[in-house]
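Thanks for making the time this morning. I would like to walk you through one model and, as I go, say how each term is defined.

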Amino acid sequence: MSNAKSYIESVKDTIQRRDPNQTEFQEAVFTVLDTLEPVLDAHPEYVKANLLARLVEPERAIQFRVPWQSDDGQFHVNRGFRVQFNSAIGPYKGGLRLHPSVNLDVVKFLGFEQILKNSLTGLPIGGAKGGSDFDPKGKSDSEVMRFCQSFMTELQRHIGPDLDVPAGDIGVGGREIGFLFGAYKRLNGYQNGVLTGKGLTFGGSLARTEATGFGLLYYTHAMLKALGDTLTNKKIKISGAGNVATYAIQKATEYGATVITCSDFDGYVYDPNGIDYQVVKQIKEVERGRIKEYAQRLRRRNIMKALFGILIQIMILHYRARPKMKSVRIRRN
Amino acid sequence: MPSVPDAIATYRDNHIYYGPAKAANAGGVAVSALEMSQNSERLSWSFETVDNRLHDIMDSIFEMSEAADKKYDLKQDYQAGANIAGFEKVAEAMMAQGLV
């Protein structure tokens with residue numbers, strides 16, 4: 001076994017011994033470490049400096065209590081997290097996720113990935129991630145506001161425009177960022193660089209909403225170009241029908257590709273003539289509905305429902321766990 | 001969320017090119033960082049300015065991954081390329097800053 005290889009194995013062993021239950025974190029870290037062997041072969045000084053042991057250990061992992069009151073007067077307690085993983089190249093940066101699946105393992109997994117992702121952008125931002133096991137689904141605006149205010153009352157002592165700049169993620173959109181920003185401002189004064197994903201009236205950026213979906217297609221375009229190919233006339237299957245998928249469909253269509261499927265947790269649609277992103281946008285963004293309504297809406301234009309969706313030409317988005325979906329296939333007569 | 005390791009192995013076995021999540025979906029955080037730039041200079045850029053910067057950043061992410069792929073002869077393994085390109089910059093910065 002090469003020196004680099006045995007060093008990587010020893011770092012993995014330490015993680016496994018220290019945090020045997022953090023399986024998501026382990027999977028993410030091990031996948032990355034396995035690809036770094038040639039770099040360590042070329043840089044024995046990294047092994048000597050025990051660099052990987054430092055890379056896989058967060059600079060700081062904060063866990064805190066988030067007490068809040070629901071509309072019926074009951075008291076609730078959720079868990080808040082902020083893992084400030086690595087600030088070697090810039091202030092900590094990474095989203096906040098509100099979802100029942102959030103725990104330290106998941107936040108460490110996402111925070112570790114964020115270090116390398118942020119570095120790849122070429123911009124001076126370090127890696128972090130945070131969130132809570134609070135589930136915004138089914139909560140009133142007032143409940144979400146009270147939760148966000150309580151969450152920020154603690155988080156504010158750990159963040160700042162040159163220190164740590166959180167953003168949105170699953171369960172944290174424009175509404176939540178607004179409440180979080182308001183709570184931060186009340187305690188610390190107006191510093192608009194403390195959060196990103198803000199509304200356009202208080203420091204938000206144009207094209208932020210489109211950024212992930214557009215960026216995904218710019219990346220795909222660059223890859224195809226390097227392989228001597230283009231997006232024109234490609235058939236694309238997308239899993240997802242939220243913010244990223246909507247703008248990915250738009251950009252793919254602009255590139256001359258045909259997106260034939262998209263999906264949410266409730267089902268998927270297959271439209272061989274190309275998914276109409278404006279209909280998706282109307283259903284998901286304006287009406288906050290389910291993607292299966294796409295089939296119902298276009299059936300009025302002579303589209304029939306059948307059983308299966310097929311064909312993957314370019315796979316764009318992947319989910320770790322595939323929810324069981326009801327098949328909704330549509331076909332033009 | 002990225003593909004599970006088994007899925008990635010399946011892509012490789014079937015000669016399917018794979019763009020890892022950390023590279024392909026970095027557009028969101030990239031524009032977040034551009035939002036920070038606008039906040040600190042107290043300006044708002046036009047949609048086209050931000051979109052063009054985003055396009056350049058995504059091109060550069062792929063180019064960096066591809067360069068790492070070539071440098072270490074990874075045979076179009078863009079996942080390893082992205083990991084290595086991201087790691088190299090962080091590693092150099094960490095080495096320069098001493099044992100902290």
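I will begin with conventions and confidence, then take a sheet in chain A, and finish with a pair of helices in chain B.

What you see is a predicted model, in which local features need pLDDT of at least 70 and side-chain atom pairs count only at pLDDT 80 or more, while totals for chains, interfaces and linings use all residues. Residues are numbered from 1 along each chain as its sequence is written, chains are lettered from A and ligands numbered from 1 in the order in which they are written, and side-chain values use heavy atoms, with hydrogens and water left out.

The predictor assigns the complex an ipTM of 0.97 and a pTM of 0.90. For chain B the average pLDDT, which is the predictor's confidence in each residue from 0 to 100, is 93, and 98% of the residues score at least 70.

In chain A, five strands (strands being DSSP E runs of at least two residues, and helices H or I runs of at least four, numbered from the N terminus) form an open sheet with mixed pairing, in the order β1-β2-β4-β3-β5. β1 (60-69) and β5 (164-167) of chain A each have a single partner strand, so one side of each is left without a neighbour in the sheet.

How do the strands pair, given that pairing requires DSSP to find at least two bridges between them? β2(A) and β4(A) run antiparallel and are joined by six bridges, with A:Gln84 opposite A:Ala128 in β4(A). β3(A) and β4(A) run parallel with five bridges, and there A:Tyr92 faces A:Gly126. Strand β3 (residues 92-98) of chain A also pairs in the parallel sense with β5(A), over four bridges.

Is β4(A) enclosed or open? Seven of its seven residues are buried, so β4(A) is largely enclosed by the rest of the structure, where buried means under 20% relative accessible area, exposed over 50% and partly exposed in between, with a 1.4 Å probe and protein chains only.

Turning to chain B, the axes of helix α4 (residues 47-71) and helix α5 (residues 78-96) come within 7 Å and cross at roughly 100 degrees, the axes being lines fitted to C-alpha atoms over the stretch in contact, with angles from 0 to 180 degrees between N-to-C directions. α4(B) and α5(B) are therefore roughly perpendicular, a label covering 65 to 115 degrees, whereas under 35 counts as roughly parallel, over 145 as roughly antiparallel and the rest as oblique.

Definitions and conventions:
Two strands pair if DSSP finds at least two bridges between them.
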